[in-house]
Amino acid sequence: MIRRMTNRRVLTDAPLLDAAAGRTPSRRPVWFMRQAGRSLPEYREIRANIGMLESCFRPDLLAEITMQPVRRHDVDAAILFSDIVVPLKAAGVDLDIVPGRGPVVAHPVRTAADIDALPGFDPDQVAAVVEGIGAILGELTDRQALIGFAGAPFTLASYLIEGGPSRNHERTKALMHSEPALWDRLMSRIDPLITGFLRAQIDAGVDAVQLFDSWAGFLTERDYRRHVLPHSARILGAIADAGVPRIHFGVGTGELLGAMAAAGTEVVGVDWRMPLDIAARRISAALQDDDPADGRGDSARALQGNLDPAILFAGESAVQAEVRRILAEADRAIDRGDARGHIFNLGHGVLPDTDADAITRTVDFVHAQPPAPR
Ligand code: CP3
């Protein structure tokens, strides 16, 4: 067996890791997707004179920005401050992140020649990220997990093919359906970039990883299973031996949750559209269909989610009512054996105009509730 150098901490009392593994956490773990960002005045200040991508390659800045929401909100996890396009940028793809818009690729990838010209991955290209992770780990307590992440191949392919954010992903779907062999070739070219980026983070010591397939919800389950799942499964499988919990998340994925769980994941992220108990039922039923020999306990996954980010604008009593509903739905799923644990989160990222104090109060309220029963 090949043993890798690892800087991973041994955390015996981190609520997020306990919930992900089906153990009873000391408190209900909570973190927020996009917790680092424009909702924080200290983030806006630090980013005033530096570009988004530039800050992702500055170890001091990425560490500081990662820690800002942890200090302010007392969340149970830090998420590495980076972006899904960072490994593409690091490998030399000409792209930028345009404020208010998102990643924009200078030369969209649409032909076999474009695909073959995509660069490979060299861990040295993300040395700055690795250095930043070291600094973050030095600051976190042993109850706070550091989550690394990458974009999933479908979502990254969409940015590469469309050339930027897309409303309908039409060029992406067109390639998938008209030239499936070319589609597979593109997915296979992106795979090492994603796996390499995740491996670099894991070797640097992150405690968990999240694969963001933000736009997978635009696909039918049939297309997801045929054209995407094998590629995401290969990536998740390549890091299975690392022993860190894998979180798999997408938006609008109610119909895909079973397939996304089947890709190989300990935790399934659920957006706000579907109650967690229904999501859990779908996941455990789909996993049992895939592998009927699975005992019931083995087909349960931990859940992550799923407060609608817009509710944070609705005032404290509305937030509390929704948090109570979500916790009750998660607990029901666990009671029924459909889920193994619950990590509280939003159903998608923090919206930029969110009041930072509303986030802190929500974290406090979740922590004041009993952890999920077992
Ligand atoms: O706190 C965290 O969650 C960690 C940081 C993080 C960022 N991007 C920082 C960021 C994470 C996990 C991401 C992932 C990401 N990036 C995804 C998947 C998650 C999701 O939201 O679905 C996607 C689709 C992207 C692509 C991307 N990058 C978009 C759509 C945008 C927003 C553009 C805008 O200005 O509205 C970005 C830029 C980006 N990534 C920002 C941040 C904090 C905003 C940059 C800024 O502050 O100007």
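This tour moves through a predicted model, one selection at a time.

**Helix α14 and its surroundings**

Begin by selecting residues 316-335, which form helix α14. How far apart are the end C-alpha atoms of α14? They lie 28 Å apart, which agrees with the 28 Å that 20 residues should span at 1.5 Å a residue.

Within this helix, colour the buried residues: V319, V323, I326, L327, E329, A330, D331, A333 and I334. The list includes the charged residues E329 and D331. An α-helix has 3.6 residues a turn, so residues three or four places apart point the same way. In α14, V319, V323, I326 and A330 are among the buried positions.

Next, display the partners of this buried set. The buried residues of α14 pack against two helices, α13 (276-290) and α15 (356-368), and against two strands, β8 (301-307) and β9 (339-346). Then step just past the end of α14 to G337, where phi is positive, at about 85°.

**Strand β8 and the loop at G347**

Select N306, which is placed in strand β8. The peptide bond that leads from G305 to N306 is cis, and its omega is near -5°.

From N306, move to G347, since N306 is one of the residues that G347 touches. G347 sits in the loop between β9 and α15. Is G347 buried or exposed? Its relative accessibility is 0%, so G347 counts as buried. Leaving aside residues up to four places away in sequence, G347 touches M33, F249, V270, D271, W272, N306, L307 and P309. For a distance check, pick the C-alpha atoms of G347 and V251: they are separated by 7.7 Å, although the two residues are 96 residues apart along the chain.

**A stop in helix α13**

Return to α13, one of the elements packed against α14, and select A285, which is placed in this helix. A285 has a relative accessible area of 37% and is therefore partly exposed. The C-alpha atoms of A285 and I202 are 31 Å apart, with these positions 83 residues apart along the chain.

**The α4 and α7 pair**

Now select helix α4 (residues 59-73) together with helix α7 (residues 127-139). The two pack at an angle of about 35°, and their axes are 8 Å apart. Their crossing is right-handed. To show the contact, display P59, L62, A63, T66, M67 and R71 from α4, which meet A128, V129, E131, G132, A135, I136 and E139 from α7. By class, this contact has eight nonpolar, two polar and three charged residues.

**Two loop residues with positive phi**

Following α4, select D74, placed in the loop between α4 and β1 (77-79). Its phi is near 55°, a positive value in a residue other than glycine. D74 counts as partly exposed because its relative accessibility is 34%.

Then select H169, in the loop between α8 (153-162) and α9 (170-178). H169 also is not a glycine, yet has a positive phi of about 55°. With a relative accessible area of 1%, H169 is buried.

**The annotated segments**

Finally, select residues 29-38 and 147-163, where an unreviewed UniProt entry places the feature "domain: Uroporphyrinogen decarboxylase (URO-D)". Over residues 29-38 the chain is 0% helix and 0% strand, with end C-alpha atoms 23 Å apart. Over residues 147-163 the chain is 59% helix and 29% strand, and the end C-alpha atoms are 28 Å apart.

Note on methods
Residues numbered from 1 in each chain as written. Predicted model: local features only at pLDDT ≥ 70, side-chain atom pairs only at ≥ 80, totals over all residues. Heavy atoms only, no water. Helix = DSSP H or I, 4+ residues; strand = E, 2+ residues; numbered from the N terminus. Expected span 1.5 Å × (residues − 1). Buried < 20%, exposed > 50% of the residue type's maximum accessible area, 1.4 Å probe, protein only. Contact = heavy atoms within 4.5 Å. UniProt positions renumbered as here; feature names shortened; annotations may be inferred. Axes fitted to C-alpha atoms, helices over the stretch in contact; angles between N-to-C directions. Left-handed = near helix turned anticlockwise from the far one by under 90°.
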